[in-house]
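Here is a short briefing to read with the model open beside you. It moves from sheet pairing to packing and then to a pocket.

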Amino acid sequence: MSAINNAGGGGPAVGLAANSWGQGDGPDPLIRHQHGSVGAPVSRIDGPLKVQGRATFAAEFVMEHLTYAALAFSAVAKGRIATLNTSAAAAAPGVVLVMTYKNAPRMKPMPLFMTAEKAAGGDNLPIMQDDKIHWNGQPIALVLAETQEQADFAATLLDVTYQTEPSDTDFEEAKRKGTKPGEFMGEPLKLEIGDAETALKQAAVWIDARYSTPRHNHNAIEPHAATVAWEGDTLVVHDASQAVVHTAWSIGSVFGIDESKVHVTSPYVGGGFGSKTLWQHQVLGAAASKLAGRPVRITLSREGVYRMIGGRAPTEQRVAIGADRDGRFNAIIHTGVVAMSRQNALPEPFILATRGAYQADAFKLDVEVAYLDMLANTFMRAPGEAVGTFGLECAVDELADKLGIDPVELRILNEPAKHPTEGRPFSSRHIVEAWRTGAGRFGWAKRSPKPGAARDGEWLVGMGCATATYPYYRMPGGAARMTLTKDGHVRVEIAAHEMGMGTATAHVQVTADRLGLTLDQVSFGYGDSKMPGAVLAGGSQQTASIGAAIVAAQHALVTELLVLAGNSSPLAGLKPNEVGGLNGGLAELANPTRYESYASILSRAGREQVIVEANAPPPTELQNWSMHSYGAMFCEVRVNPITGETRVNRFLGSFDCGYILNAKTAASQFRGGIIMGLGLALMEEAQFDGRNGRIMNPSLSEYHIPSHMDVPDIDVIWNNIPDPHTPMGARGIGEIGITGTAAAVANAVFNATGKRIRDLPLTLDKLM
Ligand code: MOS
């Protein structure tokens, strides 16, 4: 660690970055800075706290007179609560309060996530306001007690009967009733260029196939939890959150109070993946706390997460690709239907990747929605791309087989020069290089194109590949506060999130390099709605958003420091863009001997500290370029023809994601994504009972995710080519590993067995 600690001071001065990445602005100078701590494999700074159990998670905040909540969930999909007898529960030992629709305070529905700037709600239904049931699993009562065990026990004593109404819980029937066009973040999920159906019919070679993916539930290692208290007229919520500011604003809207009266903290999060936004449990906890006049801890059981936290809805996809004899695509069709609840805004957008993946003359893309009475589905682990690349990339593999062209070569042959459906240039796309490097390292040349050609004892061995892709986003709302103290330390504060991916570590590195400090001279504060910015840890965009805010704050800091430095400083007369951070101070870029340390500037000015705050510029880079992360995924499987068992032998991800800020945490994110992709490919499936809308396997003993024995050595490499149009040259890496992976596995299974399984997960019954 000491070599890394000293690294920040040893390199050349790093000049200020352009304040935006719009057309004509130069790339971030940090990406040319080769001697600093950015890029180094620094271990997570929160690691020691976590392994010692000293990192305080949402359900671990200590409060005086704390009470504990347990929830009861509806067992029917639609109807009314006919009777709800709470007397036995209320009389049980330790019970403080039983809350139902009869005594819950009046509250507004949550603003739906992604439908307004700071909206964070998972659904927009009334929360315990009336006797209506909207889904099987809806919270119908909350029991508050002196201990968790007393609350859990008392909740079993609730006596409820229902008056059921006819419900739409069967996907087939819902489709027959008619579908509606899907809309994703205000845009229709529909795109037509040319006449793709006619072009397909005229194609020399074509594939036209149906793919399906099941319902998935979120399974963060830390189930959802919050510890809440009303302190005067302020509501304090210690939450497990990927959106603290959004949550504060949204809870404020529910209770009719200003967002400044809601203080949300989230110092540590045991995984979010799209699920750690605002759901009914935080609101119910706050409501119960209000009624009881005591702080409340509400922790969902694993089953509770399945009942009331949305996941990924099932998709049915048609993918058709037409090509000439040489393999050039003339038509790409990707259409289909997803299930969706009426109380949310996310039709699983499986066509997103297809819009920009390959060159073709004609496109037809369309997501239709069939409504079900079910738990609101939501954003989950690369929504759209994770399951959309399964259909698309399996179809490309099927076409390659028909054409007799190597699937890697077929992809490279159809590589677009600019975005094929939007027409914009790519900010940086080096996917061909990722394919070539990955293929060489994986030993792709050893693969036989003939299925079933390779064996290892009784096991059939096969190799498959697929493209991974996920967009670069940078949402508006980034802002940061920087506090430089006389001892030369800087603290950065931003209402961002650390969910275990290494955010705090990477941004300590970024700040240290920009300012010319060592890592131990920088601290990074986050996870608190009172801090600047409204940053979402989602869409793989948090790093870009934080980076842009740090750049803006550094501009403000350097501007102020040069004023404070005054005429007697060696820096006198220099402009902000003529200096850079070096060795704990500022130096002239052209002549680093003109230098003054931060400590010296502050002490001459008689200042203990300098505090600046700045907003990140709007994300204009997204208007000028088509911006995405890419990867080439390679998989080797062994399939047992007798048992149907598939074992993933080897996996390689070769990534083109811009400049990598921390080699260790990045590799971990890539691997984690790929492991989730393996679960998607081989085991994950929420069993939904179409008769009553109930999820039937609400536990990790029945809903299978990869365990250590299911995960082989995963090799991850990246080309580290900086994107000139992003802060730090970096693009998102959080979700891309989940994309392409399932297709690479399915394509490898085909290569091993000659069987095309187009329906996930690839369980053994489908292979026998
Ligand atoms: Mo993610 S599904 O953008 O947390």
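In this predicted model, strands β29 (residues 628-639) and β30 (residues 646-656) run antiparallel and are joined by 10 bridges. One pair to look up in the viewer is Glu636 with its bridge partner in β30, Arg650. Both strands also belong to a wider sheet, which comes next.

**The five-stranded sheet**

- The sheet is open, and its five strands follow the order β20-β21-β29-β30-β33.
- Pairing within this sheet is mixed.
- At the edges sit β20 (454-456) and β33 (714-718), each of which pairs on one side only.
- From one strand to the next, the twist averages 30°.

**Strand β19 and its partners**

- Why can β19 (residues 362-372) be called largely enclosed by the rest of the structure? Nine of its 11 residues are buried, so the surroundings close around most of the strand.
- β18 (residues 329-341) pairs with β19 in the parallel sense, over 11 bridges; within this pairing, Ala339 has Ala370 of β19 as its bridge partner.
- β11 runs antiparallel to β19 and is joined to it by four bridges, and Glu192 stands opposite Lys364 in β19.
- β8 (residues 180-181) also pairs with β19 in the antiparallel sense, over two bridges, and here Lys180 stands opposite Val369.

**Nonpolar cores**

- The largest nonpolar core has 80 residues. Those that touch the most other members are Ile321, Phe329, Leu399, Val637, Phe651, Phe670 and Val745.
- Which element gives the most to this core? Helix α10 (residues 385-403) does, with 10 residues.
- A second core, separate from this one, has 47 residues, including Val42, Val490, Leu515 and Leu602.
- Val637 is worth a closer look: leaving aside residues up to four places away in sequence, its contacts include Leu460, Val461 and Gly462. Thr646, Arg647, Val648 and Asn649 are also among the residues that Val637 touches, as are Val745, Ala748, Val749 and Ala752.

**The second largest pocket**

- This pocket holds about 1000 Å³ of space.
- Its lining is made up of 38 residues, and those nearest the centre are Phe184, Met185, Glu187, Arg355 and Tyr473.
- Which elements give two or more residues to the lining? They are β10 (187-188), β11 (190-193) and α16 (621-624).
- β11 thus links two topics here: it contributes to this lining, and it pairs with β19.

Definitions and conventions
Residues are numbered from 1 along each chain as its sequence is written. This is a predicted model: local features need pLDDT of at least 70, side-chain atom pairs count only at pLDDT 80 or more; totals for chains, interfaces and linings use all residues. Side-chain values use heavy atoms; hydrogens and water are left out. Two strands pair if DSSP finds at least two bridges between them. Axes are lines fitted to C-alpha atoms, for helices over the stretch in contact, and angles run from 0 to 180 degrees between N-to-C directions. A nonpolar core is a set of buried Ala, Val, Leu, Ile, Met, Phe, Trp, Tyr and Cys residues joined through side-chain atoms within 4.5 Å. Buried means under 20% relative accessible area, exposed over 50%, partly exposed in between (1.4 Å probe, protein chains only). Contact means heavy atoms within 4.5 Å. On a 1 Å grid over the protein atoms alone, a cavity is a set of points where a 1.4 Å probe fits but cannot get out, and a pocket is an open set with protein on both sides within 12 Å along at least five of seven lines; lining residues have an atom within 4 Å of a point. Grid points are joined across faces, edges and corners, and a volume is the space filled by probe spheres set on the points.
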